Amino acid sequence: MARACVLRIGHRPERDQRVTTHVALTARALGADGMYLAANDPGIKKSVDSVVGRWGGEFFVENNVSWRRCITDWKVRGGTVAHLTMYGLRMTDVIDEVRDAGDLLVVVGAEKVPGDVFGLADYNISVTTQPHSEISSLALFLDHLFEGSELNREYPDALMRITPSARGKMRNGE
Ligand SMILES: C[S@@+](CC[C@H](N)C(=O)[O-])C[C@H]1O[C@@H](n2cnc3c(N)ncnc32)[C@H](O)[C@@H]1O
């Protein structure tokens, strides 16, 4: 399976910290390799790095990238760019083609996405054609991309692990 990374654009440090942190945690939990943050907010990286340190895996956050350079560099290296937007093509119509397109940069916005993103992306993809959020659209997109295989993956070097149980909370490593 090709790798997938997320590019988060439009982050406003004064109001989006919780949502952007959840974009990163969703990306990590659903099989992406890392998140590029097109804003300067070192606190996001610090809190996600702390989760990775305890819960394992190698998910990265790269702070303060230029969204335009991130997209163009990804394409120069032969990767494919998928921008999630309610205005795009239906996910169910393109997901098989996208899955076969190689390494994927998944772009999600916050409030208003610069118009150039639509032109630079190889695919503009809607997850339903209704407005919802970057977290829900990313989660559904990654799940369809990986066809559910990400749901039971293991995280190497985890200090914390949950033992699934019918009742109560079973967590090792505290
Ligand atoms: C709150 S929405 C922003 C909506 C805004 N009106 C715009 O310019 O698209 C934040 C992000 O959620 C994602 N999003 C929201 N609804 C979506 C949908 N139906 N399909 C795909 N992505 C969606 C997009 O990445 C969008 O940039």
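In what order do the six strands form the open sheet, and is the pairing parallel or antiparallel?

**Figure 1. The open sheet of the predicted model.** The order of the six strands is β3-β2-β1-β5-β4-β6, and their pairing is parallel. Strands β3 (60-62) and β6 (123-126) form the edges, each pairing on one side only. From one strand to the next, the twist averages 30 degrees.

**Figure 2. The pairing of β4 with β5.** These two strands run parallel and are joined by four bridges. One residue pair may serve as a guide to this view: A82 has V106, in β5, as its bridge partner.

**Figure 3. Helices α4 and α6 on the sheet.** Helix α4 (residues 91-99) packs on the sheet and touches β4, β5 and β6. The direction of α4 makes about 170 degrees with that of β4. Helix α6 also packs on the sheet, where its contacts are with β1 (4-8), β4, β5 and β6. Between the direction of α6 and that of β5 the angle is about 160 degrees.

**Figure 4. The largest nonpolar core.** This core contains 41 residues, of which V6, L7, V106 and V107 touch the most other members. Strand β5 (residues 104-108) gives the most to the core, contributing five residues. The surroundings of V6 illustrate the packing: leaving aside residues up to four places away in sequence, V6 touches V23, A27, A32, M35, V106, V108 and L138.

**Figure 5. The shell around the ligand.** Eighteen residues surround the ligand, and those that come nearest are L84, M86, G109, E134 and S137. Both β4 (80-90) and α6 (134-145) supply at least two residues of the shell. The largest share, three residues, comes from β4. By character, the shell comprises seven nonpolar, eight polar and three charged residues.

**Figure 6. Two loop residues with positive phi, N64 and T128.** Most residues other than glycine have a negative phi. N64 is not a glycine, yet its phi is positive, at about 65 degrees. This residue is found in the loop between β3 and α3 (67-76). T128, likewise not a glycine, has a positive phi of about 70 degrees and lies in the loop between β6 and α6. Are these residues exposed or partly exposed? N64 has 12 other C-beta atoms within 10 Å and is therefore exposed, since the limit for that class is 12 or fewer. T128, with 13 C-beta neighbours inside 10 Å, counts as partly exposed.

Definitions and conventions: Residues are numbered from 1 along each chain as its sequence is written. This is a predicted model: local features need pLDDT of at least 70, side-chain atom pairs count only at pLDDT 80 or more; totals for chains, interfaces and linings use all residues. A nonpolar core is a set of buried Ala, Val, Leu, Ile, Met, Phe, Trp, Tyr and Cys residues joined through C-beta atoms within 7 Å. A residue is buried if 20 or more other C-beta atoms lie within 10 Å of its own, exposed if 12 or fewer, and partly exposed in between; C-beta atoms are placed from the backbone. Two residues are in contact if their C-beta atoms, placed from the backbone, lie within 7 Å. A residue is near a molecule or strand if its C-beta atom, placed from the backbone, lies within 6 Å of it. Ala, Val, Leu, Ile, Met, Phe, Trp, Tyr, Cys and Pro count as nonpolar, Asp, Glu, Lys and Arg as charged, and the others, Gly among them, as polar. Two strands pair if DSSP finds at least two bridges between them. Axes are lines fitted to C-alpha atoms, for helices over the stretch in contact, and angles run from 0 to 180 degrees between N-to-C directions.
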